[in-house]
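Thanks for making time this morning. I would like to walk through one structure with you, so please have a look at the sequence and the model before I start.

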Amino acid sequence: MVDDLNIEDPAQLLRYLRQNDRIDASDKPRFTTLTGGVSNRSVWVQFDHKPDWVMKQALAKLRVQVDWFSAPARVQREAAGLSCLGEIIAGHVPELVFLDDRHHILAMSAIPHPHDNWKTLLLEGETCIRLARDFGRLLARIHNAALDHPRIESAFADVRFFEELRLEPYYGYTAAQVPRARDFLENLIQDTRKRRFALVHGDYSPKNVLINQGKLVILDFEVIHFGDPAFDIGFSMTHFLSKAHFLRANRPRFIEMAAEYWRAYSADLDAALAKRMGSSAVAHTLACLLARVAGRSPLEYLDDDHRSRQKMIVLELIGREIGAIPQLIDSFRECLDRHDEPD
């Protein structure tokens with residue numbers, strides 16, 4: 001088997017599956033390339049007589065406009081995350097089918113159709129407070145997990161993929177692009193490296209959520225690690241707030257979703273973890289709001305005017321004394337309303 005295997009090539013993928021005894025000789029799978037991701041090749045594998053798979057192959061160079069690299073061995077981390085969260089939030093993650101370290105490939109169970117990507121629904125203006133509440137409760141279960149499973153700390157102690165795919169491209173790169181935020185971001189990077197007390201998904205966003213029969217299914221675990229749980233809040237909260245910015249007519253509902261997401265998460269989070277988190281979720285939310293308009297992976301639905309406005313608002317809010325997420329949500333909304341151009 002050649003080392004430059006590309007699973008998005010149907011002929012190569014079929015040959016690979018047959019030669020490695022991943023499928024039966026009688027199987028005649030159908031392959032569909034899945035688009036939208038930047039860090040992996042992804043293929044939906046359909047079978048006639050058994051459950052479908054999704055296969056992922058980690059890329060060394062990510063599919064973005066600026067140079068962005070990460071070791072493909074992170075596929076092993078994703079497999080470990082699938083297995084771990086299959087216990088922690090059973091029924092809300094796919095099942096691992098197989099892992100191939102050599103070719104940086106994993107296969108997992110495909111979520112049955114019909115299902116919808118939550119990000120797609122949100123961008124179409126379909127808001128749902130119940131889903132926001134469920135999203136918060138699931139994250140609290142992930143963050144609480146190490147309290148009952150001490151092995152998690154050592155199993156996910158390696159943070160190199162979080163460094164390569166989050167701290168540098170989001171915070172480090174943005175610090176170089178936005179000098180006014182450099183000290184804030186560089187201090188946050190150092191604080192994040194020191195604050196290690198919970199299991200962190202690292203990519204917790206509506207893009208990585210499928211809605212199947214009203215239930216959330218969480219995807220993408222290649223940067224899961226033991227670290228600062230406030231990052232997950234900042235990363236995910238940014239999506240609700242940025243969509244409140246983008247979809248002005250739906251702003252009240254997105255703001256309500258953000259607030260309910262935080263309430264549900266806070267209600268279920270262990271009190272000791274909440275105390276340790278303090279106000280760091282505010283800093284991470286501001287940092288992610290800025291990174292998604294000035295970092296290596298900007299939100300594709302925001303145009304130049306949106307990005308400029310969001311950057312200006314975040315820089316304003318960094319200078320304020322904001323100690324809690326509800327206050328930040330209200331402040332961000334007020335700034336959006338103030339900066340909106342008259343109809």
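Let me begin with a question: is aspartate 228 buried or exposed? Please keep in mind throughout that what you see is a predicted model. In this model aspartate 228 has a relative accessibility of 2%, and because the limit for calling a residue buried is under 20%, aspartate 228 counts as buried.

As for its surroundings, aspartate 228 sits in the loop that links β10, residues 225-227, to α8. Its side chain makes a polar contact of 3.0 Å with the side chain of histidine 284. If we set aside the neighbours within four places in sequence, the residues in contact with aspartate 228 are Thr192, Arg195, Arg196, Phe197, Val200, Ser280 and His284.

From that loop we can move into α8 itself, which has 17 residues and spans 24 Å from its first C-alpha to its last, close to the 24 Å expected at 1.5 Å a residue. Of those 17 residues, 16 are buried, and α8 is therefore largely enclosed by the rest of the structure.

One of the elements that pack against α8 is α12, so let me turn to that helix, since the buried residues of α12 pack against α8 (230-246), α11 (280-294) and α13 (325-339). The residues of α12 that are buried are His306, Arg309, Gln310, Ile313, Val314, Leu315 and Leu317. Helix α12 itself covers residues 304-318, and its 15 residues reach 21 Å from the first C-alpha to the last, which is close to the 21 Å expected at 1.5 Å a residue. At the start of α12, a side-chain oxygen of aspartate 303 comes to within 3.1 Å of the backbone nitrogen of aspartate 305.

Now to the sheets. One is an open sheet of 5 strands in the order β1-β2-β3-β5-β4, and the pairing is antiparallel. At its edges are β1 (30-33) and β4 (96-100), each of which pairs on one side only. On average, neighbouring strands of this sheet are turned by 20° against each other, with direction ignored. Within the sheet, strand β2, residues 40-46, is joined to strand β3, residues 53-58, by 6 bridges, and the two run antiparallel; serine 42, for instance, has lysine 56 in β3 as its bridge partner.

There is also an open sheet of 3 strands, with the order β6-β8-β9 and antiparallel pairing. Its edges are β6 (116-117) and β9 (215-218), and because each has a single partner strand, one side of each is left without a neighbour in the sheet. Between β6 and β8, the latter being residues 209-212, the antiparallel pairing runs over 2 bridges, and asparagine 117 has leucine 210 in β8 as its bridge partner. Helix α4, residues 129-148, lies across β8 and β9 and runs at about 45° to β9.

Finally, a word on the cysteines, for anyone thinking about disulfides. How many disulfides does the structure hold? The number is 0. For cysteine 288 the reason is distance, because the closest cysteine sulfur, in cysteine 335, is 18 Å from its own sulfur, too far for a bond. Cysteine 288 is also buried, with a relative accessible area of 1%, and cysteine 84 is buried as well, at 4%.

Notes: Residues are numbered from 1 along each chain as its sequence is written. This is a predicted model: local features need pLDDT of at least 70, side-chain atom pairs count only at pLDDT 80 or more; totals for chains, interfaces and linings use all residues. Side-chain values use heavy atoms; hydrogens and water are left out. A disulfide is a pair of cysteine sulfur atoms within 2.5 Å. Buried means under 20% relative accessible area, exposed over 50%, partly exposed in between (1.4 Å probe, protein chains only). Two strands pair if DSSP finds at least two bridges between them. Helices (H or I, at least four residues) and strands (E, at least two) are DSSP runs, numbered from the N terminus. Axes are lines fitted to C-alpha atoms, for helices over the stretch in contact, and angles run from 0 to 180 degrees between N-to-C directions. Contact means heavy atoms within 4.5 Å. The expected span of a helix is 1.5 Å times one less than its number of residues. A polar contact is a pair of N or O atoms within 3.5 Å; within protein, one must be able to donate a hydrogen and the other to accept it, and residues adjacent in sequence count only if both atoms are side-chain atoms.
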